Amino acid sequence: MRSPGLYRADIESLRKRLKQSHKPVPIVDLGAGSTGDISTVAAIARRSLKRPKHARALSALCQHIASRNTLELGTSLGLTSAYLAGPSTQLITVEGNPHIAQIARGHWEELGISNIKSITGSFDEQWDNLAASSIDFDLIFIDGNHRGEALKSYIEKSLPMLSPNGVIVCDDIHWSKDMEAAWSTICAMECWTLQMDAFEWGLLTRNSALKREHVRIRF
Ligand SMILES: C[S@@+](CC[C@H](N)C(=O)[O-])C[C@H]1O[C@@H](n2cnc3c(N)ncnc32)[C@H](O)[C@@H]1O
């Protein structure tokens, strides 16, 4: 298994190709207001994926905290998963649309990545299975179903599975008023030490070695 730095160019050339692909993809309604029956790979690649600089930042975070177990909620076409996968982390990624999950698995095969565990199903269906696996996650990346109530419930479900120094990254905390309100409610929880608003996402940890603070950064 190569480290992400070594296949970054391959991921980015795949991204370019996907943005031109008119391959149809059936839409599955996962409760977040998806519209229409059919999309295309290009539309998904343009709309849903983390941009390269954000995917690289997440990958750097994953390596910096030496995450042994990483959970991604929202696989999509699997490009950020490819950045997060590495020789020393076990990545589990969950996707509710089986057509998209299958495409993502094909991408990892093409990139030569073999250690991603892909789970197909809605997040709500999968919490019990994830909890039963007794894995302590060092990094949990929540990147699907951008509704405030859903985000709050995902944080609640994630906490028992988060290692003591683990980090939760919530995507798109400024995507809507509803998401901003949820982020404020989550930040008011006593358990966190560091809370970071990086605009694109919010980062939370209970790591007791860190000073209790709420910081804002832009990059
Ligand atoms: C923003 S995309 C993920 C992008 C991906 N993390 C990346 O950066 O490449 C969100 C994905 O989550 C999936 N999703 C949304 N709500 C879901 C739910 N309730 N259960 C399972 N999957 C869901 C969608 O089908 C979509 O593919």
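This note walks through the ligand site and a handful of residues in a predicted model.

1. **The ligand site.** A good place to start is the ligand, which has 19 residues around it. Glu-72, Gly-74, Thr-80, Glu-95 and Asp-143 are the closest of these. If you have been looking at the pockets, the largest pocket is the space that the ligand takes.

2. **Polar pairs at the ligand.** Three side chains are worth displaying here. An N or O atom in the side chain of Thr-80 is 2.6 Å from an oxygen atom of the ligand. Glu-95 also places a polar side-chain atom 2.6 Å from a ligand oxygen. For Asp-143, the partner is a nitrogen atom of the ligand, and the distance to a polar side-chain atom is 2.7 Å. The ligand taken alone exposes 610 Å², and 90% of that is buried by the protein.

3. **Thr-93.** Now to strand β4, which covers residues 90-95 and holds Thr-93. Is Thr-93 buried or exposed? Thr-93 counts as buried, because its relative accessibility is 0%. Its side chain has a polar contact of 2.7 Å with the side chain of Thr-75. Setting aside residues up to four places away in sequence, Thr-93 touches Glu-72, Gly-74, Thr-75, Ser-81 and Trp-108, together with the run Ile-116, Lys-117, Ser-118 and Ile-119. Two of the names in that list, Glu-72 and Gly-74, are also among the residues closest to the ligand.

4. **Asn-69.** Strand β3 spans residues 69-73, and Asn-69 belongs to it. With a relative accessible area of 19%, Asn-69 is buried; the cut-off for that class is under 20%, so please read the label alongside the value. Beyond its neighbours within four places in sequence, Asn-69 is in contact with Thr-89 and Gln-90, and also with Ile-135, Asp-136, Phe-137, Asp-138 and Leu-139.

5. **Two positive phi values.** You may want to check the backbone at two loop residues. Most residues other than glycine have a negative phi. Ser-134, which is not a glycine, has a positive phi near 55°. Ser-134 sits in the loop between α6 (123-132) and β6 (137-142), and counts as exposed because its relative accessibility is 63%. Asp-172 likewise has a positive phi, of about 55°, without being a glycine. Its loop runs between β7 (162-171) and α8 (177-187). Asp-172 is buried, with a relative accessible area of 19%.

6. **Helix α3: His-54 and Arg-56.** Helix α3 (residues 52-64) contains His-54, and Arg-56 is placed in helix α3 too. His-54 is buried, at a relative accessible area of 2%, whereas Arg-56 is partly exposed, at 36%. Outside four places in sequence, the contacts of His-54 are Glu-200, Trp-201 and Phe-219. Those of Arg-56, counted in that way, are Arg-8 and Tyr-83.

7. **Distances from helix α3.** How far apart are the C-alpha atoms of Arg-56 and Thr-80? They are separated by 8.4 Å, with the two positions 24 residues apart in sequence numbering. Thr-80 is the residue already met at the ligand, with its 2.6 Å pair to a ligand oxygen. For His-54 and Ala-132, which are 78 residues apart along the chain, the C-alpha separation is 31 Å.

8. **Ala-42 and Gln-20.** To finish, here is a pair from the N-terminal part of the numbering. Ala-42 lies in helix α2 (residues 41-47), and Gln-20 is in the loop between α1 (4-18) and β1 (24-26). Ala-42 counts as buried at 6% relative accessibility, while Gln-20 is exposed, with a relative accessible area of 55%. Their C-alpha atoms are 5.5 Å apart, although 22 residues separate them along the chain. Leaving out residues up to four places away, Ala-42 touches Leu-18, Lys-19, Gln-20 and Ser-21, and Gln-20 touches Ala-42 and Arg-46. Ala-42 and His-146, 104 residues apart in sequence, have a C-alpha distance of 21 Å.

Methods
Residues numbered from 1 in each chain as written. Predicted model: local features only at pLDDT ≥ 70, side-chain atom pairs only at ≥ 80, totals over all residues. Heavy atoms only, no water. Helix = DSSP H or I, 4+ residues; strand = E, 2+ residues; numbered from the N terminus. Buried < 20%, exposed > 50% of the residue type's maximum accessible area, 1.4 Å probe, protein only. Contact = heavy atoms within 4.5 Å. Near = heavy atom within 4 Å. Polar contact = N/O pair within 3.5 Å; in protein donor to acceptor, adjacent residues only side chain to side chain. Areas by Shrake-Rupley, 256 points an atom, 1.4 Å probe, with all protein chains shown as cover. 1 Å grid on protein atoms, 1.4 Å probe; cavity = no way out; pocket = protein on both sides within 12 Å on 5 of 7 lines; lining within 4 Å. Sits in = over half its atoms within 2 Å of the grid points.
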